[in-house]
Amino acid sequence: MNDDLRERVEREAETAALFNALKHGSDAQVGAIMGPMMGENPEFREHGDEIPGIVAPVCERVNGLSDEEKRERLAELDPDAVAELEAEDEEDDQVLPDLPNVEEYDEVRMRLAPNPNGPWHLGSARMPAVIGSYKELYGGWMLCRFDDTDPETKRPDLDAYDGILDAIDYLGFEPDEVVRASDRVETYYEHARDLIDAGGAYACSCPQAEFSDLKNSGEACPHRDQDPETTHEEFDRMVAGEYESGEKVLRVRTDIEHKNPALRDWVAFRMVDTPHPREEAAEYRCWPMLDFQSAIDDHLFGVTHIIRGIDLQDSAKRQGFLYDYFGWEYPEVTHWGRIEVDEYDVPLSTSSIKQLIADGELDGWDDPRAPTLASLERRGIRGDAVVEAMTDLGVSTTNADLAMSSVYSANRDRVDDETDRAFLVRDGERLPVEGGPDAGHPPVHPEHEDRGDRDVPLGDAVLLESDDVPADGERVWLKGWGPVRNDGGTLEFTDEGIDLVREEGVDVVHWVDADENVPVTMRTMDGDVEGHAEPGVEGYAADDLLQFERVGFCRLDAFEDGELTAYFTHK
């Protein structure tokens, strides 16, 4: 083999080895790169007996590089290979399926459409989690439109507007624009008048039950053939508030014999006597129904893709009639099933949670027993952990079950490495201690020696959890302190080595000094738990996270009068 060919073999081998190592996250193997390299370079085959001897030291050299050095070197040899790796990495990281027909749009534009009738529960988080993730995936645009045009049955809560924006921020997203539908009523009136001009609407005063009977039998109501001038006149009187609730509606003229009765001449506007809670909207009495309002706004804001529940399939069909009248193109629609969440006894219902709070069954929206985002945040669960668990559910039309264990796992991945350890004894038993050192020195974090050890005092007595108290004559190892034997209710230091644990299987337990400790109330999903923590916890601040060893992660909430309130996060 001449020098030029050898140099080519070495270069091809190095390129293949770098690509192989980076792609699989492991050492490059001679056998793994020989086949593809020989296939792409048939002129190497006649030297097949020499090639392995050239490739082996190249692989060894490549395997000695860091990932960053490998990527830099591969960029020098073959920039296209680096681009291929990055594309594969992006594809591997993508959990959500591609949105339909994205290549047909200059920009992916999506919207959140919350009803601000209360703070968000866990089910509410799915929409911003998925749409926010799609925005990031496509470099798109996201609208938050508060659908607050029902001042009666889904009456807006004035605090919910900012609360929902805070929840979106907690999840890690920021809308590009925020609007309130109740500020846009005049816009809906304008389009209603345009619809009347197009022959697409009429004013109806039929009692609801009477119209329902006619609709279900495929018969038109007496008002359906009224001329546009009459409809304009009656709609103007609706806008002026001259009708009472239930007296008059504006209907979209569709197909009165449509096979789906729900699509027949549906209501676009109705009269509502209850004033809107927002002062800016309190004067209106003629309000658009959600299907009308949402359809107009989706077009005006250039929404390209809509995600909505499978139970709202008829909405797209109703709105399709409006789009046909106006000559608009309907956005791409993806439907998904309902979401169910385990672990909670409280239903995923804003009205139910409100009632439980009003009845005193829950302390508030951030009660640890409430299935709300406010509760998760107060417990110390990161918003992006919620997003990960939600996006993992995908967007299938089948119902999805969110296991809280998946939220906890995602959160644990984020907080475990940075969270210090401490001891917390729940409902501890006091036992005298004889002998041994005057303090224990467990590590601040078992995987980070550089963070040092804690100084946990131990005087004349210790608190142990009931299940950790050894039987008379038995031993346990007080973590970071040493071994003790129960001698008639007194724990005696035995001065034995760690082989007691390694070879004899003696339990290692957490503990605190019976007198020098911090009283703790730990709020959990199962109610409040009283306990005592090592005095070192006083050095932390409210909102810090600690892992109480053998108990779980907790977010420190407040220190008052020497006592700590903490919210249990998860195991």
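**Exercise 1. The open sheet**

Task: In this predicted model, determine the order of the strands in the open sheet of 7 strands, and work out which strands stand at its edges.

Solution: Begin with the order, which reads 21-18-19-20-14-17-22 in this open sheet, and note that the pairing is mixed. Next, consider the ends of that order: strand 21 and strand 22 (512-513) each have a single partner strand, and therefore one side of each is left without a neighbour in the sheet.

**Exercise 2. The two edge pairings**

Task: Establish in which sense, parallel or antiparallel, strand 18 and strand 21 run, and do the corresponding analysis for strand 17 and strand 22.

Solution: Take the edge at strand 21 (residues 508-509), where 2 bridges join this strand to strand 18 and the two run parallel; here Leu 478 stands opposite Val 509 of strand 21. Then turn to the other edge, where strand 17 (residues 461-464) and strand 22 are joined by 2 bridges and run antiparallel, with Asp 513 in strand 22 serving as the bridge partner of Val 462.

**Exercise 3. The hairpin**

Task: Describe the pairing of strand 18 with strand 19, and identify which residue in their hairpin takes a positive phi.

Solution: Strand 18 (residues 475-478) pairs with strand 19 (residues 482-487) over 4 bridges in the antiparallel sense. At the level of residues, Leu 478 has Gly 482 of strand 19 as a bridge partner, while Leu 478 also stands opposite Val 509 in strand 21. Finally, the hairpin has 3 residues between the strands, and Gly 480 takes a positive phi near 75°.

**Exercise 4. An enclosed strand**

Task: Decide why strand 9 counts as largely enclosed, and characterise its pairing with strand 8.

Solution: Apply the cut-off for burial, which is under 20% relative accessible area. Because 4 of the 5 residues of strand 9 (residues 332-336) are buried, this strand is largely enclosed by the rest of the structure. Strand 9 pairs with strand 8 (residues 305-309) in the parallel sense over 5 bridges, and His 305 stands opposite Glu 332 of strand 9.

**Exercise 5. A charged patch**

Task: Find which helix gives the largest share of the negative patch, and place Asp 227 in the chain.

Solution: List the members, which are Glu 186, Glu 190, Asp 194, Asp 197, Asp 227, Glu 229 and Glu 283, gathered on the surface in a patch of negative charge. Helix 8 (residues 185-197) gives the largest share, with 4 residues. Asp 227, by contrast, lies in the loop between helix 9 (208-216) and helix 10 (228-239), and its relative accessibility of 35% means that Asp 227 counts as partly exposed.

Definitions and conventions
Residues numbered from 1 in each chain as written. Predicted model: local features only at pLDDT ≥ 70, side-chain atom pairs only at ≥ 80, totals over all residues. Heavy atoms only, no water. Patch = residues over 30% accessible without salt bridge, like charges linked within 9 Å, V, L, I, M, F, W, Y side chains within 5 Å. Areas by Shrake-Rupley, 256 points an atom, 1.4 Å probe, with all protein chains shown as cover. Salt bridge = Lys/Arg side-chain N within 4 Å of Asp/Glu carboxyl O. Lys, Arg positive; Asp, Glu negative; His and termini not counted. Charge placed at Lys NZ, Arg CZ, Asp CG, Glu CD. Buried < 20%, exposed > 50% of the residue type's maximum accessible area, 1.4 Å probe, protein only. Pairing = 2+ DSSP bridges.
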